[in-house]
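Here is a request for a careful look at one small part of a protein, with the whole of it shown first.

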Amino acid sequence: MRLSRIIMALTVGLAVVAVPTAAGAAQPQPSPSVTDTPQPPPYTPVLPSLTVSRPSITLGETVTLRGRGFGPNETVDIVVSVQPLAAPAAGTARRSDGSTVAMAPVAFQAAAPLRFTARTNGAGEFSRSYKPSVTGLLTFVATGRESDRTAETQLRVLDRPQPPLPVTGDSIGTPMKLGGGLVGAGAVLLLLTLAWRRRQRLGMGSSH
């Protein structure tokens, strides 16, 4: 009897302990809140842009145009307009006597707007080499045919440096002055020679 009572008591105790555990497991778990789900960052569209590898070059050099923010795999029309640069201030050249003389400014040539195209990749970017044929302030305007996005940039194209020109206004004056001095010295020597010969003749005549 005692053994059966002990077994019964253990069975009842185990049942009492298991009931709260089963009740807790049967309770529904709270569903995760919508706010706890990570949200993707907001989409920020890439604005179209157009840049040049160098802001200023010399005529004959080449630059690289880079565009981004256009439509993927689209044709971009690029229009180039040219504005002549202001004439540089007149330089000076030094004469042989140390004075200076103003040099005439070099005139810049103007050109009509130019047109060419570029092709974007899947990310809406393109790269295009360009070699200007005129001097001036060049403005590039790029427009995507499908996206209609537009961007622009500028490039300053300077003329090639020219070798200094010889100053002709006073370069002839110095040789002429030197030649005149030599002629004058020769005339003085000729007069002295004639006077010396005349004196020699007079001396010979008085001796007879």
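Q: Looking closely at Phe-116 and Tyr-130, are both residues buried or exposed?

A: Both Phe-116 and Tyr-130 are buried (under 20% relative accessible area with a 1.4 Å probe, protein chains only, where over 50% would be exposed and anything in between partly exposed). This is a predicted model, in which local features need pLDDT of at least 70 and side-chain atom pairs count only at pLDDT 80 or more, while totals for chains, interfaces and linings use all residues. Residues are numbered from 1 along each chain as its sequence is written, and side-chain values use heavy atoms, leaving out hydrogens and water.

The rings of Phe-116 and Tyr-130 form a stacked aromatic pair, 5.1 Å from centre to centre with 20° between the planes (rings of Phe, Tyr and Trp, the last by its six-membered ring, pair with centres within 6.5 Å; planes under 30 degrees apart are stacked, over 60 edge-to-face, and the rest tilted). Because Phe-116 lies in strand S7 (residues 114-119) and Tyr-130 in strand S8, this pair ties together parts that are 14 residues apart in sequence (strands are DSSP runs of E, at least two residues, numbered from the N terminus).

Tyr-130 also pairs with Phe-140, this time edge-to-face, at 5.2 Å between centres and 90° between planes. Phe-140 belongs to strand S9 (residues 136-144), 10 residues away from Tyr-130, and both of these residues are buried. Phe-116, Tyr-130 and Phe-140 thus make up one aromatic cluster.

Tyr-130 has a place in a sheet as well, since it is the bridge partner, in S8, of Val-63. S3 and S8 pair in the antiparallel sense over five bridges (pairing needs at least two DSSP bridges).

How values were computed: Helices (H or I, at least four residues) and strands (E, at least two) are DSSP runs, numbered from the N terminus.
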